[in-house]
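Me: I'm new to this structure and would like a close look at a single part of it. Could you pick one, walk me through it slowly, and show me how its surroundings fit around it?

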Amino acid sequence: MADETENRDEYRLDNQAGYIMRLASQRHAGIFQSLAPAGLTPTQFSTLMRLYEQGECSQNRLGRLASMDVATIKGVVDRLLRKGLVVSKPDPNDKRRTLISLSETGAALIPSLHETGHEITAETLKPLSSSEQRSLLKLLRKLT
């Protein structure tokens, strides 16, 4: 919501929701990059976490679970395969599909990802009180 003292006809970028969310996202990305284990990107981190939560699943379903399109999840899975963090195999019930699961190395990384994920969130939300943190997360979920 724009500052109430702002003239309705005046457009100020600093008061626009998208601009403010982008700045917050950039701040979070910097925090993520400085703390992320094993040189993981946010999309790789999300993919590993979804595989841990879901277990073995098709690459297509994994993309949906991690909110990535088909091309993006393919690239992410390819990079995680090269890092030895996931394994893939043909779906025995549908040869057109590939099943993805955590490798032993990927599974061993999960406790560290949980710990680091909490640190990243805490650092991102650090400027806010506990009540503000809960409110922000509730509001962001409402926007999605």
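Reply: Happy to! A word on names comes first: helices (H or I, at least four residues) and strands (E, at least two) are DSSP runs, numbered from the N terminus. With those names, A38 can be placed in the loop between α1 and α2. Please keep in mind that this is a predicted model.

The part I suggest is helix α4. Let's begin just ahead of it, in the loop between α3 and α4, where S67 is found. S67 is not a glycine, yet its phi is positive, at about 60°. With a relative accessible area of 68%, S67 is exposed. A38 makes a good companion to look at, since its phi is also positive, near 55°, in a residue other than glycine. A38 counts as exposed, at 52% relative accessibility.

Now step onto the helix itself. At the start of α4, a side-chain oxygen of D69 comes to within 3.2 Å of the backbone nitrogen of A71. The helix has 13 residues, and from its first C-alpha to its last it reaches 19 Å, close to the 18 Å expected at 1.5 Å a residue.

Which residues of α4 are buried? They are I73, G75, V76, V77 and L80. An α-helix has 3.6 residues a turn, so residues three or four places apart point the same way. You can try that idea on I73, V76, V77 and L80, which are among the buried residues of α4. The buried residues of this helix pack against α2, α3 (59–65), β2 and β3.

That packing leads us to the core. The largest nonpolar core has 24 residues, and L80 is one of those with the most contacts inside it, a list that also includes L40, L48, L51, L62 and L113. Helix α4 (70–82) supplies at least two residues of this core, and so does each of α1 (17–35), α2 (42–54), β3 (94–102) and α5 (104–125). To see how residues meet here, look at L113: leaving aside its neighbours within four places in sequence, L113 is in contact with P37, L40, F45, L48 and M49.

F45 deserves a short detour. The structure holds one aromatic pair. This pair is edge-to-face, because the rings of F32 and F45 have their centres 5.5 Å apart and their planes at 85°. Since F32 lies in helix α1 and F45 in helix α2, the pair ties together parts that are 13 residues apart in sequence. Both F32 and F45 are buried.

Back on our helix, L81 also belongs to α4, but L81 is partly exposed, with a relative accessible area of 31%. Not counting residues up to four places away in sequence, L81 touches V86, V87 and S88. The C-alpha atoms of L81 and L102 are 9.5 Å apart, with their positions 21 residues apart along the chain.

Just after α4, G84 takes a positive phi of about 75°. G84 sits in the loop between α4 and β2 and is partly exposed, with a relative accessible area of 28%. Apart from its neighbours within four places in sequence, G84 is in contact with S103, T105 and G106. From G84 to F32, the C-alpha separation is 21 Å.

The loop brings us to the sheet. Three strands form an open sheet in the order β1-β3-β2, with antiparallel pairing. Its edge strands are β1 (57–58) and β2, each of which pairs on one side only. Strand β2 (residues 86–91) is joined to β3 by six bridges, and the two form a hairpin with two residues between them. Across this pairing, V86 stands opposite L102 in β3, and K89 stands opposite L99.

Our last stop is D91, in strand β2. D91 counts as buried, at 7% relative accessibility. Its side chain reaches the backbone nitrogen of N93 at 2.8 Å. Farther along the chain, beyond its neighbours within four places in sequence, D91 is in contact with R97 and L99.

Note on methods: Residues numbered from 1 in each chain as written. Predicted model: local features only at pLDDT ≥ 70, side-chain atom pairs only at ≥ 80, totals over all residues. Heavy atoms only, no water. Core = buried A, V, L, I, M, F, W, Y, C linked by side-chain atoms within 4.5 Å. Buried < 20%, exposed > 50% of the residue type's maximum accessible area, 1.4 Å probe, protein only. Contact = heavy atoms within 4.5 Å. Pairing = 2+ DSSP bridges. Expected span 1.5 Å × (residues − 1). Polar contact = N/O pair within 3.5 Å; in protein donor to acceptor, adjacent residues only side chain to side chain. Phe/Tyr/Trp six-rings, centres within 6.5 Å; stacked < 30°, edge-to-face > 60°.
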